[in-house]
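Me: I have just opened this one and would like a careful walk through it. Could we take it topic by topic?

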Amino acid sequence: MKTPKNALASHGKGKKVNYGIWLTILPLYLFTLLFVAGPLIYMVVLSFQTRAEVWGVVNQFTLDNYKNILDSVYLQTFWESIKLAFTSTLLIAAIGYPFGYFMAKLSAKWKKIVMLLLMIPFWTSSLIRLYGWIIIFRANGTLDSVLIALGLIKTPLKLLYTYPAVVVGMVYALLQFMILAVYSSAEKMDWSLVEAARDLGATPMKAFLTVTLKLTMPGLLSGVILTFIPSMGLFFIADILGGNKVVLVGSLIQDQLMKAHNWPFAAALSVILMVLTSLMISLYKRVTHTTELEGIL
């Protein structure tokens, strides 16, 4: 049995440990408040302010910024952004899921080699890599020269500054995230479960749909989140490869900030984009939780 003196000593030691923990996590809390929560709160407050006639913002509450978003032009921009994000994510999933799945089945040596090849593009600026696609897509560029030499086309395709060029740019910029997400999920999978399904008479396709796909679904959904959400805001890809023909929400926000200097309206657009992002993340968590429960049952 502890004496009062020993109890006080142990209580004092516990306090020291707690102080040490707080000193460790305090910088993280301060960083989050200053550089994450602070800007978000400022953005929300700014979205309800009034634009000044010449420059800056007037501290006057208004809902006009959100009402203006209901204009058909801006709604069309949101729709085009969602459509482009859906198209890009669908193509990325179709390419990235098989890649990540078969990458997980490689030997340890080849896993390292493929992982290195996936990481190498990140060592170069994405802008430089996108400008490389301009050389490929422009009229009489690399792609046209190859196709003409093979006799597949007679005149240049002129793919630069088109919608397909933007889709290709999105797929190229975000494909690695899908591959790595699926790979991390498939690499942890218990392959004996697939073998058990085959031993019980399941066809390869049925074993894949009932076992492999369900077990790798969290990785696939993570890849969808990592590709769908950025696809709506990576306006520089649309600007470089699409010219002024493809306008995304990110491009609209940039124009309001840099050209129109309408900061409250840009903040309102950012808030709506943040809400859509939050809904996607909430949907991901719900589907992932449901998938995990089905796996347990």
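**Charged pairs, core and surface**

Reply: Let us begin with E187, which is partly exposed, with a relative accessible area of 38%. Please keep in mind that this is a predicted model.

Me: Which side chain does E187 meet in a salt bridge?

Reply: The partner is K111, and the N to O distance in this salt bridge is 3.8 Å. E187 lies in helix α7 (residues 163-187) and K111 in helix α4, so the pair ties together parts that are 76 residues apart in sequence.

Me: And K111, is that one buried or exposed?

Reply: K111 counts as buried, because its relative accessibility is 18% and the cut-off for buried is under 20%.

Me: OK, how many salt bridges does the count come to?

Reply: The count comes to 3 salt bridges. One of them joins E80 and K83, whose closest N and O atoms are 3.5 Å apart, and another joins K259 and D255, with the closest N and O atoms 3.8 Å apart.

Me: How far apart are E80 and K83 along the helix?

Reply: They are 3 residues apart in helix α3 (residues 72-104), which means that about one helical turn separates E80 from K83. As general background, an α-helix has 3.6 residues a turn, so residues three or four places apart point the same way.

Me: What about accessibility for E80 and K83?

Reply: E80 counts as partly exposed at 22% relative accessibility, and K83 is also partly exposed, with a relative accessible area of 33%.

Me: And K259, buried or exposed?

Reply: K259 is exposed, with a relative accessible area of 66%, whereas its partner D255 is partly exposed at 27%.

Me: Changing topic, what is in the largest nonpolar core?

Reply: The largest nonpolar core has 33 residues, and those with the most contacts inside it are L84, V166, M170 and L241. The elements that give two or more residues to this core are α3, α4, α5, α7 and α11 (235-242), and the largest share, 12 residues, comes from α7.

Me: What is V166 in contact with?

Reply: If its neighbours within four places in sequence are left aside, V166 is in contact with L84, I237, A238, L241, G242 and V246. There is also a second, separate core of 18 residues, which includes F228, M232, V249 and I253.

Me: You mentioned α11, so which of its residues are buried?

Reply: In α11, the residues I237, A238, I240, L241 and G242 are buried, and the buried residues of this helix pack against α5 and α7. Following α11 comes G243, whose phi is positive, near 65°.

Me: Now the outside: what makes up the nonpolar surface patch?

Reply: The patch covers about 960 Å² and is made by L106, W110, I113, L116, L117, I120, F122, W123, F177 and L226. Helix α4 (residues 108-119) gives the most to the nonpolar patch, with 4 residues.

Me: Where does W123 lie?

Reply: W123 lies in the loop between α4 and α5 (126-137), and at 64% relative accessibility W123 counts as exposed. For background, in soluble globular proteins nonpolar side chains tend to be buried together.

Me: Last one, could you recap where α4 comes up?

Reply: Helix α4 holds K111, the salt-bridge partner of E187 in α7, it is among the elements that give two or more residues to the largest nonpolar core, and it gives the most residues to the nonpolar surface patch.

Conventions. Residues numbered from 1 in each chain as written. Predicted model: local features only at pLDDT ≥ 70, side-chain atom pairs only at ≥ 80, totals over all residues. Heavy atoms only, no water. Patch = residues over 30% accessible without salt bridge, like charges linked within 9 Å, V, L, I, M, F, W, Y side chains within 5 Å. Areas by Shrake-Rupley, 256 points an atom, 1.4 Å probe, with all protein chains shown as cover. Salt bridge = Lys/Arg side-chain N within 4 Å of Asp/Glu carboxyl O. Buried < 20%, exposed > 50% of the residue type's maximum accessible area, 1.4 Å probe, protein only. Core = buried A, V, L, I, M, F, W, Y, C linked by side-chain atoms within 4.5 Å. Contact = heavy atoms within 4.5 Å.
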